[in-house]
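Got your viewer open? Let's take a walk through this model, one selection at a time.

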Amino acid sequence: MDGGDGAYSSRTAEDVFRDFRGRRAGMIKALTTDVEKFYQLCDPEKENLCLYGLPNETWEVTLPAEEVPPELPEPALGINFARDGMDEKDWLALVAVHSDAWLLAVAFYFGARFGFDKESR
């Protein structure tokens, strides 16, 4: 899973923020506007699924990346397994918490590429 953006290369902090903002908008859409579709896609009978927010403000539920190490930090794995064992609102809150953590991990991953050492200032 490449996060839907192929060979993404952030050049500026603004690029990282735009990526973050797009992925966040997609995840919010999955957890609010498209919640019924999201709930159905997270079938506990399927394999370990992840919710990915994409830079173009969309989202997808899919299997994690097969390549090791993955291109991006991985979101919470197996979000579908707890779906039927929890109240729907509690399950959505759990997915939201893990999604926030993933969004920050992706932003820090891209930001770490800037090389903020004294020589590059």
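Start by selecting D84: is D84 buried or exposed? D84 is exposed, with a relative accessible area of 51%; buried means under 20%, exposed over 50% and partly exposed in between, using a 1.4 Å probe and protein chains only. Before moving on, note that this is a predicted model, where local features need pLDDT of at least 70 and side-chain atom pairs pLDDT 80 or more, while totals for chains, interfaces and linings use all residues. Residues are numbered from 1 along each chain as its sequence is written, and side-chain values use heavy atoms, leaving out hydrogens and water.

Now add R83, which forms a salt bridge with D84, with the closest N and O atoms 2.9 Å apart. A salt bridge here is a side-chain nitrogen of Lys or Arg within 4 Å of a carboxyl oxygen of Asp or Glu. Unlike its exposed partner D84, R83 is buried, at 10%.

Next, pick D15 and R18, whose side chains meet in a salt bridge at 2.7 Å, N to O. These two sit three residues apart in helix α1, so about one helical turn separates them. (Helices are DSSP runs of H or I, at least four residues; strands are runs of E, at least two; both are numbered from the N terminus.) D15 is buried at 19%, while R18 is partly exposed at 44%.

Stay in α1 and select R23 and D19: another salt bridge, 2.7 Å from N to O. Both residues are buried.

Last stop: D87, in the loop between β2 (59–62) and α3 (88–111). D87 is partly exposed, at 47%.
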